[in-house]
Amino acid sequence: MSERPSDGLEKALHDLSWDRVIEAVASRCKGPLGERLEELELAETFEAAAVALRETAEARRLIDLADPLPLDGIRDIGRSLDRLERQGALDGPELRAIASTLGAARVLRRYLARHRADAPGLRDACSTDPTLDDLQEELTRAIEPDGTLADGASQELGRLRTEVANLRARIVSRLEQLLVQHADIVQDRFHTLREGRYVIPIRTDAHEKLQGIVHGTSGSGATVFVEPRAVVSQGNRLKMAQGELEREVARILGILGGRVRERLAEVRVAVAALDRADLRNAGARLALDLGGVIPELTRETRVELRNAKHPFLVLDGVDVVANDIELASGRALILSGPNAGGKTVTLKVLGLAALMVRAGLPVAADEGSRVGFLSPVLTDIGDDQSIQKNLSTFSAHVTNLVRVIEAAGPQSLVLLDEIATGTDPNEGAALACALIDALCKGGAAVAVTTHYERLKAMAVEDDRLENASVGFDVARMAPTFRVRDGVPGSSSALRVARRFGMPTDIIDKALGLVSEQSRSFDALVRQLEERFESLERLREEADAERREARRVREEAERELAAVAERDKKKLGVEAEKVLAELRSARAELKEARRQLRQAPTQDEASLRSIREHLDRAQGAVPDAVRPVPEALPEVALGDRVDEASLTVGQRVYVPRLRTEVTVFEMPSKGRVRVASGPVKLWVTVAELHRVGLPAEAPKPSPPPAPETPAEVRVRPPDPDNTLDVRGMRVDDALSMAESFLDRLFGRSEVVGYILHGIGSGALRDAIREHLDAHAGQYVARTRGGTSDEGGDRLTVVYLK
């Protein structure tokens, strides 16, 4: 903690009720720090304040992440450590408290290691010695949670405890027997302890009937407590065993205390680290409760608070009016206005912000607030009249002002409430103006409250000074507590007096006694206030309109988003329907392909069946996804084409296909192969109609005579002509192979490759058998791959 504050700082802490800040922080601590926190350290340098604020900001970030600093298990062990330092001994509960605290330090160290990216400052500031973990584990093993030594703390301890328990059990058993045997003389059937010895209650008139040692009588004298002779020797052995047990416990506690004493410095560092983490966490929790922020710390001597509030009023649940407040080095803020309007509260907001920043605490303001490192903070708030020191109110006030002038400098914050009052108003006003001028020349940041018209007028003429006032609602005759920059405030003393029942004749008399200059100045101020209020109302109306426009826009955006979401869901349903219809069309097309392959010749029945499948497939495709063909020119159908007149490249019309096609191959057995784009298929010659002259393009040369397989020059395997079915089931592989060959045939490929691997050979044999059995329209033959092609792991398929 810091050294004892100087007189100037002590005065400021008193004037600003700093003890309330300490209470607010202490109540938010989770460990024992909250019970012993008597003062908060105020940073003496800019760098120290920056470190404290950064650590508090990191603790706030961890809270925002829903993973705050772990601070459970911390105990107040300061006195125990002091006793060990003085070579004293500790008992079991004290050592257990040390173990619990070291356990908390261990948890915190590991937590900060996990969150080093979010809290690097706290990780460095709250680091502890990891070798303390061994000490913590030793203490935890040796001491039970209730502070008693564990039986396993030493072998001798366990043996002695067993011996004591056995002796006690035998004594109790014997006493219960004696209670039964001597039921006629016992006062009550129970046994108890007197002076550490087991006894039974015997009637006073019959104690001689039971031999033993009397250890006391009851308060009434009707009962004596006798240790029967039958258990005296056992009681002696029990006392000796208990003595040995106590010595063993003391020996173990001494050893454990010595272990802690050896690491006393490291343990104190761990305690300090836990306290620091607890303090920063309390500051972060205070930020949440204040609705405040960790302000930007600047090296400039200035304060810029956005929507600032008095922290005590916020914590008390008061509905506080927030204000923007700015102050800078070499400048003065002159606050005026009615009494109880919030002038002094504004001074305290400035002072508390400067001190809380130096303590690493948040301020009750919004983002964008900036606070400089201000030191010293000098105040003169309140009445320091002292009968003992023979000081009047004005004398005490002047004494404080002298102290302020002597201590003020370029980094100072000076807060003066009702400056230079308590004396002749003219002289007081002159003194106030001279003091403000001197403080501004010295570079201090100054804020004062006043009712002096001369000081308000000085602020109008001097660029270093700025007027500000607290508002006054004339209709309600009550202050608004809103600070208005650039406008001096009227004290409104006579209006307030009238509002509170002062007789009218007295008010009128007082008005007549006010000088003409004062009345003119007051009228001017009131006129400024009214204009400001009018502007404020217009601003509030504009703000309300902007808020309403924003609300309408946000509502429209939400509605648009809802409509888009509904459309998206509707499109999703439609897409599912389209997909189902496409799957149905695909099944029909697959069946048509199967019939094409299996039919040795396309007789009329086969073509009719295939046509039906194609029509169903076309009908299954919804209009939304079916391509709309471009409008074809009207085709003038001529006569049917004679087979002998057909030439390769001739354009003909096929009514069944509803399109023009090109003759691809010469007719054979009444059938001719035609092409429509990349698609090639067989039709009968009887279906062909003339559509005009043959295409103007040069006629392609007739296809060469079929080559023998050995002469065909094949394209080597590549991704475009190779199908990989390794690892597939036979049925899936055959289906894939059919689709693959369909694509190759449509591209007029000569050869394709099916990669099936070797394995057991089952997949390879199935593919080759299937291709050989269904080699019809476009499969010429198949063979295994050569060594250059990959060997028998693939099958080469030659297409027609």
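**Exercise 1.** Determine which residues L95 is in contact with, leaving aside its neighbours within four places in sequence.

*Solution.* Contact requires heavy atoms within 4.5 Å. By that criterion, L95 touches L90, L139, I143, L253, L256, G257 and V260. The structure is a predicted model, in which local features need pLDDT of at least 70 and side-chain atom pairs count only at pLDDT 80 or more, while totals for chains, interfaces and linings use all residues. Residues are numbered from 1 along each chain as its sequence is written, and side-chain values use heavy atoms, with hydrogens and water left out.

**Exercise 2.** State how many residues the largest nonpolar core has, and which helix gives the most to this core.

*Solution.* A nonpolar core is a set of buried Ala, Val, Leu, Ile, Met, Phe, Trp, Tyr and Cys residues joined through side-chain atoms within 4.5 Å. Buried means under 20% relative accessible area, exposed over 50%, and partly exposed in between (1.4 Å probe, protein chains only). The largest such core has 62 residues, and L69, L95 and I98 have the most contacts inside it. Helix α6 (residues 92-114) gives the most, with 10 residues. Helices (H or I, at least four residues) and strands (E, at least two) are DSSP runs, numbered from the N terminus. A second, separate core of 61 residues includes A26, V349, L352 and V363.

**Exercise 3.** Identify the buried residues of helix α8 (residues 132-142) and the helices against which they pack.

*Solution.* The buried positions are L132, D133, L135, Q136, L139 and A142. These residues pack against α6, α10 and α11 (264-290).

**Exercise 4.** Give the strand order of the open sheet and describe how helices α9 and α10 pack on the sheet.

*Solution.* Two strands pair if DSSP finds at least two bridges between them. The 4 strands follow the order β1-β2-β4-β3, with antiparallel pairing. At the edges lie β1 (192-194) and β3 (212-217), each pairing on one side only. From one strand to the next, the twist averages 50°; axes are lines fitted to C-alpha atoms, for helices over the stretch in contact, and angles run from 0 to 180 degrees between N-to-C directions. Helix α9 (residues 155-181) touches β2 and β4 (223-228), and its direction makes about 10° with that of β2. Helix α10 (residues 232-262) touches β2, β3 and β4, its direction making about 145° with that of β2.
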